[in-house]
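Q: Please take a close look at one part of this predicted model, namely its salt bridges, and set them in the context of the rest of the structure.

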Amino acid sequence: MKSEESQFPEKKPQRKTIPPYMKAISGSLGGIVEACCLQPIDVIKTRLQLDRSGNYRGIIHCGTTITRSEGVRALWKGLTPFATHLTLKYTLRMGSNAMFQSAFKDSESGKISNKGRLLSGFGAGVLEALAIVTPFEVVKIRLQQQRGLSPELLKYKGPVHCARLIIREEGILGLWAGAAPTVMRNGTNQAAMFTAKNAFDVLLWKKHEGDGKVLQLWQSMISGFLAGTAGPVCTGPFDVVKTRLMAQTREGGALKYKGMIHAIRTIYAEEGLLALWKGLLPRLMRIPPGQAIMWAVADQVTGFYEGRYLRGAPL
């Protein structure tokens, strides 16, 4: 007769992984540091994307023109909504991605497939786009497109005043102008970014989540930088269309762009194909370094947690 143990073999207990709340905390801290470092590049990117008359002849000319005509502080226009938006966005992104990954993990091995990782990243990107990114970027872009620093000459006096004015003039849905291209941009970006970051960590540093190994700052920055490069090239048209839709108001009567597809067609017809990738260089100057900074901070936070509480947890 077989023993009771052989008839009912004991299942190996699944080892613990980093909880979603720790991922969320790591993302929020990374977002604060990234916003403070890279806001000027974001201002320049927005001005270039909104420049239809050729006032700016490139990144350096745009930056120097803004500084000369509006002062150095103008390069940090919209920092409050940008920093708040980045902090909330990374909190939601990292936390929700961890929750989605938990749902896609194999119940026996605790591992996640590349398909599951892509879907988790896409889901996190869609969620952040609708809940946080779109309304915050509408306010940020409206503030950034204003020229000058004299408050009495500016339509929007600050982020709260801007949001209130948009709601009063355009309705609550005015804060979600450009939601469709934002969803497409962020979903695609995060699907690629989370998958690439994990791949580079494993390929370059033999780092698996939960193995207790803490990456050096420079290692995290390299992985984050490389993971952040593909998205801007693939999603450039979505970003340009998003910016145009968010920036337009009803002051001049009817809106020029009726939606995402109409905007793409109009920009292509009036400005040519390359106009759909306007601002690509500053995006490449901002997003990969931004991911490098964010992941350097986030990996230190999660690495501390791993080293203290986890050993050899599966990916």
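A: In this predicted model, the side chains of Lys207 and Glu306 form a salt bridge, with an N to O distance of 2.8 Å. The two residues belong to distant parts of the chain, 99 residues apart: Lys207 sits in the loop between helix H7 (179-205) and H8, while Glu306 sits in helix H11 (residues 280-309). Both Lys207 and Glu306 are buried.

A second pair also involves helix H11. Arg283 and Asp239 meet through their side chains in a salt bridge of 3.4 Å, N to O. Here Arg283 belongs to helix H11 and Asp239 to helix H9 (residues 230-247), and the pair, 44 residues apart, links distant parts of the chain. Arg283 counts as buried because its relative accessible area is 3%, under the 20% limit. Asp239 is likewise buried, with a relative accessible area of 0%.

A third pair has a partner with another degree of exposure. The side chains of Lys256 and Glu270 meet at 2.9 Å, N to O, in a salt bridge. Lys256 is located in the loop between H9 and helix H10 (260-271), and Glu270 in helix H10, so this salt bridge ties together parts that are 14 residues apart in sequence. Lys256 has a relative accessibility of 35% and therefore counts as partly exposed.

Some of these interactions extend beyond single pairs. Lys45, Glu137, Arg185, Asp239, Lys242 and Arg283 are joined into one network by salt bridges that share partners. The structure as a whole holds 20 salt bridges. Side chains of opposite charge can pair when their charged atoms come close.

Lys242, a member of this network, lies in helix H9. Because its relative accessibility is 0%, Lys242 counts as buried. Its contacts, leaving aside residues up to four places away in sequence, are with Glu137, Ile141, Gly178, Pro181, Thr182 and Arg185. Of these contacts, Glu137 and Arg185 are also named in the network. Lys242 and Glu137 are 105 residues apart in sequence, yet their C-alpha atoms are 9.2 Å apart in space.

Helix H7 also carries a buried polar residue, Gln190. The relative accessibility of Gln190 is 4%, which is why Gln190 counts as buried. Beyond residues up to four places away in sequence, Gln190 touches Arg93, Gly121, Phe122, Gly125 and Glu128.

The nonpolar interior comes next. The largest nonpolar core has 14 residues, and Val139, Tyr156, Cys162 and Ile166 have the most contacts inside it. Helix H5 (114-144), helix H6 (159-170) and H9 each give two or more residues to this core. Helix H9 thus appears here as well as in the Arg283–Asp239 salt bridge. Ile166 touches Val138, Arg142, Tyr156, Gly171, Gly174 and Leu175, not counting residues up to four places away in sequence. A second, separate core of 13 residues includes Ala35, Leu86, Ala196 and Met294. In soluble globular proteins, nonpolar side chains tend to be buried together.

Nonpolar side chains are also found at the surface. Leu203, Leu204, Trp218, Ile222, Phe225 and Leu226 make a nonpolar surface patch of about 560 Å². H7 and H8 each supply at least two residues of this patch, and H8 gives the most, with four. Leu204 lies in helix H7 and, with a relative accessibility of 37%, counts as partly exposed.

These details belong to a fold that contains 11 helices and zero strands. Its C-alpha trace spans about 90 × 35 × 35 Å along the principal axes. Of the 315 residues, 52% count as buried. Among contacts with a separation of 6 or more, 78% are between residues 24 or more positions apart. The accessible surface comes to about 15,400 Å², and carbon and sulfur atoms account for 65% of it.

Confidence should be read alongside this picture. The mean pLDDT of the protein is 86, and 92% of its residues reach 70 or more. Among the elements, the lowest mean pLDDT, 50, belongs to helix H1 (residues 4-7), and the highest, 95, to helix H8 (residues 217-227).

Notes
Residues numbered from 1 in each chain as written. Predicted model: local features only at pLDDT ≥ 70, side-chain atom pairs only at ≥ 80, totals over all residues. Heavy atoms only, no water. pLDDT = per-residue confidence, 0-100. Salt bridge = Lys/Arg side-chain N within 4 Å of Asp/Glu carboxyl O. Buried < 20%, exposed > 50% of the residue type's maximum accessible area, 1.4 Å probe, protein only. Contact = heavy atoms within 4.5 Å. Core = buried A, V, L, I, M, F, W, Y, C linked by side-chain atoms within 4.5 Å. Patch = residues over 30% accessible without salt bridge, like charges linked within 9 Å, V, L, I, M, F, W, Y side chains within 5 Å. Areas by Shrake-Rupley, 256 points an atom, 1.4 Å probe, with all protein chains shown as cover.
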